[in-house]
Amino acid sequence: MARVVPDPILRGYALDGLHEKRSNAEAAAIFSILSPRRARADVVALLVALQVLTDYLDTVSEVAVDEPLRNSLALHEALADAVGRRSPSPDYYLHHPQCDDGGYVAALVAFCRVRMQRLPALDAVRSFLEEAARRCAAGQSYTHAAIHGGSDELEAWATALASGTGYEWWEVAAGASSSVAVHALVASAADRRTTLEEARRVDATYCLGVGSLTVLLDNLVDRSADQADGTHNYLGYYASGKDAGRRLATISGHAARSARRGRRPRRHAAILAGVLGFYLSAEGARSTYGQAVRIPVMASGGPAVHAVMVAMRARRALSAARRGSTAPGARHAGWCSRRARRESS
């Protein structure tokens, strides 16, 4: 479908997303370990479709338009529609200069909606899943708007969400803009034993804990590039690298404790270790600033993080050798991150 999108610009976005962000879909599929083995084929298909949709919307929303926030909010209604009960929007491209995608977004939304109905614990998870999708859609939209027009609207929106959480507003904004809570809830809905209370725990673990870390650590890896081109970066709100490292280690500790409270604690812990090891092993985390963040966060994650880091470095080196690259590990991608357009090793 991406190859036959009529508009050449949108076709380029769709194809680039499938090639350059393919590791995002791989990362999303990892969440299937939270579902029963017999359900994993269906869950992987659903998670990958959701991530492909998210990556496409992320890319299209980065285009400079007159009203970036309205444009991004309209586009990201597709993410909420993919997991929601309401009728899908008739025009996701309402405020976008291109619109003829040949039904590409609508097809991804429809595929997800059909697969969602197969999840046996959907009723227990649905309200949290819909809210997580709306959060992600809004977080992505306000973050994109900050790239083009300053962070005032982003701060006002996130400050309201942060009230009473113990998190800084930009930490909440980072967590909200990540799709990991959506992925974890979808996988949990495939397990008929998932209850309303378990869904609440999963949402809490992945929204402010794991979700915040995915975006903040992705911003760590991209920090030098963002400084060079003046792109919005959440780490810029911390006073220093030391301050950022202290806070991210605290968030990591909170996420680890939250993961231990529910069912499948070892699998939640494995996902958290994977997030930390993936980003901390990247070249961008080895700068002087990166070291100030990397060392305390590594300490907070325990031995599993070191194991993942070794594996990721070996994988990047092997991939670079296959490509004949002279800079192994220099490029990366992340879970529903706005900077995920860089190709992962």
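Which residues have the most contacts inside the largest nonpolar core?

## The core

In this predicted model, the residues with the most contacts inside the largest nonpolar core are Leu50, Tyr56, Val186 and Tyr206, and the core itself has 104 residues. Helix H10, which runs over residues 196-221, gives the most to this core, contributing 12 residues.

Tyr206 can be followed further into its surroundings: leaving aside residues up to four places away in sequence, Tyr206 touches Phe31 and Leu34, then Val180, Ala181 and Ala184, and also Gly211, His268 and Ile271.

## Overall fold and dimensions

The protein has 15 helices and zero strands. Among the contacts with a separation of 6 or more, 75% are between residues 24 or more positions apart.

A compact globule of 345 residues would have a radius of gyration near 20 Å, and the 19 Å of the protein agrees with that expectation. Taken along the principal axes, the box filled by the C-alpha atoms is roughly 50 × 45 × 45 Å.

## Burial, surface and charge

Of the 345 residues, 59% count as buried. The accessible surface of the protein comes to about 14,200 Å², and carbon and sulfur atoms account for 54% of that surface.

As for charged side chains, the protein has 43 that are positive and 34 that are negative, and the centres of these two sets lie 11 Å apart.

Note on methods
Residues are numbered from 1 along each chain as its sequence is written. This is a predicted model: local features need pLDDT of at least 70, side-chain atom pairs count only at pLDDT 80 or more; totals for chains, interfaces and linings use all residues. Side-chain values use heavy atoms; hydrogens and water are left out. Helices (H or I, at least four residues) and strands (E, at least two) are DSSP runs, numbered from the N terminus. The radius of gyration is taken over C-alpha atoms; the globule rule is 2.2 Å times the number of residues to the power 0.38. Buried means under 20% relative accessible area, exposed over 50%, partly exposed in between (1.4 Å probe, protein chains only). Contact means heavy atoms within 4.5 Å. Accessible areas come from the Shrake-Rupley method with a 1.4 Å probe; for residues, only the protein chains shown count as cover. Lys and Arg count as positive and Asp and Glu as negative; His and the chain ends are not counted. The place of a charge is taken as NZ of Lys, CZ of Arg, CG of Asp or CD of Glu. A nonpolar core is a set of buried Ala, Val, Leu, Ile, Met, Phe, Trp, Tyr and Cys residues joined through side-chain atoms within 4.5 Å.
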